[in-house]
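Student: Could you take me through one part of this model slowly, as if we were looking at it together? I would like to see how a loop joins up with the rest of the picture.

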Amino acid sequence: MRKIEMVDLKSQYQKIKPAIDIGIQEVIDNASFIAGKPVQDFAIELAAYAGVKNVIPCANGTDALQIAMMALDLQPGDEVITPSYTYFATVEVIALLKCVPVFVDVNPETFTIDAAEIEKAISSKTKVIVPVHLYGQAADMEPILALALKHNIAVVEDNAQAIGGDYIFKSGKSMKNGSMALISTTSFFPSKNLGCYGDGGAIFTNDDQLALKLKMIANHGQRVKYYHDLIGCNSRLDTIQASILRVKLQHLDEYCLARRVAADYYDKAFANHPKIKTPVRASYANHVYHQYTIILSDDVNRQALIDYLQQKEIPTMLYYPLACHKQKAFEKGARIVGNLKNTEWLSPRVLSLPIHTEMDEEQLNHITSSVLEFVK
Ligand SMILES: *Cc1c(COP(=O)(O)O)cnc(C)c1O
C-alpha cells in the first residue's frame, strides 16, 4: 500500500509534472520572477473560474485577509464578527489592525458561523462580518448577506478552505464560494484545495474601485511606481507560484471531485455508526472536503484512537485543538457573544482523517477498517 499522507502532494505532482516543470523553467528562462506574465494570466483565469470581476494575487491567505480589512478603512476599536472555530489567521489580522474580534458560535452540524448568532453580536461598532467556509463547505451565506445589507456591514468571505465549492441560494441560483461577498480571500498554501509550491493567496471582488485600492495596498500603496498614495504593504504572488497555479487551476474541478469520492467512501463506511458522526452536507452547499472531519462520541478516547491509527501508519490531525477565544493571545482584546457552547463542544471531539486527491480504495479501506476496529 502507498504511504498514507494527510495530503499527498508528491503523487499529485507526478501526474502533472511535465506541465509544471515547463512552466517553472519558462519563468527561470525569462527571469520574470516578480510580476511576470503568468501572474496576470492566472488572475484572469481564476476570476473567470470563480465568476468574479477582479482577482488580486498576493503573498498568502493571511495577507489577503489583512489587505481586505485595510481596504475597508477600519478604525481602531471597530468590531469584526467572526467564528472562534477557525484557523487563527482569520482573527489575528483583525487584532493586528487594532480592531476587536467578536466571536460568535458555529452551527454544530456544519462547523460554520451561525447566522442567528451574528444578529445578536451586531453593535454600533460592527464594520465587518467574516464567515469562514470551513473544511470545504460554505457558511450559510444567504442569511448572512441579508443581515449585512440590513445593517450596512461589509462581508469578507474567508475562502481559504473551500475554493471550487458552491453555494446554492433558495432561488436555486448557485454561486462559487468566494464570489458572493464584497471581498473574498483565499490561500494557496500547498495543502489547500488549490495549493502552490510555497506561499500564495488572492483577494476577490466584483467592485472595480475596491479592486484598485486592494491592488494598491498590496503594492506599497502605489499605483504609479514610486508614488505612494496610501500606506500599504508588500504582498506579491511570485511568478513561479503563479505558473504552478495556472496548471493546477485546470485540474481544480477534478481535484474537488476526487475529494468528494473519498468522502463518499468514508460516509458509507461510517454510516449510522453510533459513535462516529460524519460531516453533514448542507443542502445549500457543494462540499469540496478540504478536510474530512468526524465527531466522536463522548465514550471514544480520542487520543487513544489517534495513537492506534498512528501505529497503523495513518496520520490524523486536530483542526483545531483550541478555539481562538481560548488562545492565550486572545486573553484580552476580543469580545465573546453568548457562551460559544458548540465551539467548545466540538474542539475536544473532532478528528480529521486523511483526504486528498490521490487516495485509493486500499488506503481508504485501511483507514476506515482501522477506525472501526478501535471505535467498536
Ligand atoms: C490557511 C488559512 C488561512 C491563511 O492562509 P495562509 O496562506 O496560510 O496565510 C486563513 N484562513 C483559513 C480558514 C485558513 O485555513
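**A close look at one loop and its surroundings**

Tutor: Happy to! Let's begin with Glu-313, which counts as exposed because its relative accessibility is 56%, above the 50% cut-off for that word. Keep in mind that this is a predicted model. Glu-313 sits in the loop between α10 and β15, and its phi is near 60°, a positive value in a residue other than glycine.

Stay in that loop a little longer. Tyr-320 is found there too, between α10 (302-311) and β15. The peptide bond leading from Tyr-319 to Tyr-320 is cis, with omega near 0°.

For a companion to Glu-313, look at Asn-272. This residue also has a positive phi, about 60°, although it is not a glycine. Asn-272 belongs to the loop between α9 (252-270) and β12 (276-277). With a relative accessible area of 79%, Asn-272 is exposed.

Now follow our loop to its end, β15, and you arrive at a sheet. The sheet is open and has eight strands in the order β1-β9-β8-β5-β4-β2-β3-β15, with mixed pairing. Its edge strands are β1 (54-58) and β15 (335-336), each pairing on one side only. Further in, β2 (residues 79-83) and β3 (residues 100-104) pair in the parallel sense over five bridges. Within that pair, Pro-83 stands opposite Val-104 in β3.

Helices pack on this sheet as well. Helix α3 (residues 61-71) touches β1, β2, β5 (154-158), β8 (183-187) and β9 (201-205). The direction of α3 makes about 165° with that of β8. Helix α7 (residues 208-218) packs on the sheet too, touching β1, β8 and β9, and its direction makes about 10° with that of β1.

Finally, let's visit the ligand. It is surrounded by 15 residues, the closest being Gly-61, Thr-62, Asp-158, Ser-187 and Lys-192. A polar side-chain atom of Thr-62 lies 2.5 Å from an oxygen atom of the ligand. For Gln-161, a polar side-chain atom lies 2.8 Å from a ligand oxygen, and an N or O atom in the side chain of Lys-192 is 3.1 Å from an oxygen atom of the ligand. Taken alone, the ligand exposes 380 Å², and the protein buries 93% of that.

Note on methods
Residues are numbered from 1 along each chain as its sequence is written. This is a predicted model: local features need pLDDT of at least 70, side-chain atom pairs count only at pLDDT 80 or more; totals for chains, interfaces and linings use all residues. Side-chain values use heavy atoms; hydrogens and water are left out. Two strands pair if DSSP finds at least two bridges between them. Helices (H or I, at least four residues) and strands (E, at least two) are DSSP runs, numbered from the N terminus. Contact means heavy atoms within 4.5 Å. Axes are lines fitted to C-alpha atoms, for helices over the stretch in contact, and angles run from 0 to 180 degrees between N-to-C directions. A residue is near a molecule or strand if one of its heavy atoms lies within 4 Å of it. A polar contact is a pair of N or O atoms within 3.5 Å; within protein, one must be able to donate a hydrogen and the other to accept it, and residues adjacent in sequence count only if both atoms are side-chain atoms. Accessible areas come from the Shrake-Rupley method with a 1.4 Å probe; for residues, only the protein chains shown count as cover. Buried means under 20% relative accessible area, exposed over 50%, partly exposed in between (1.4 Å probe, protein chains only).
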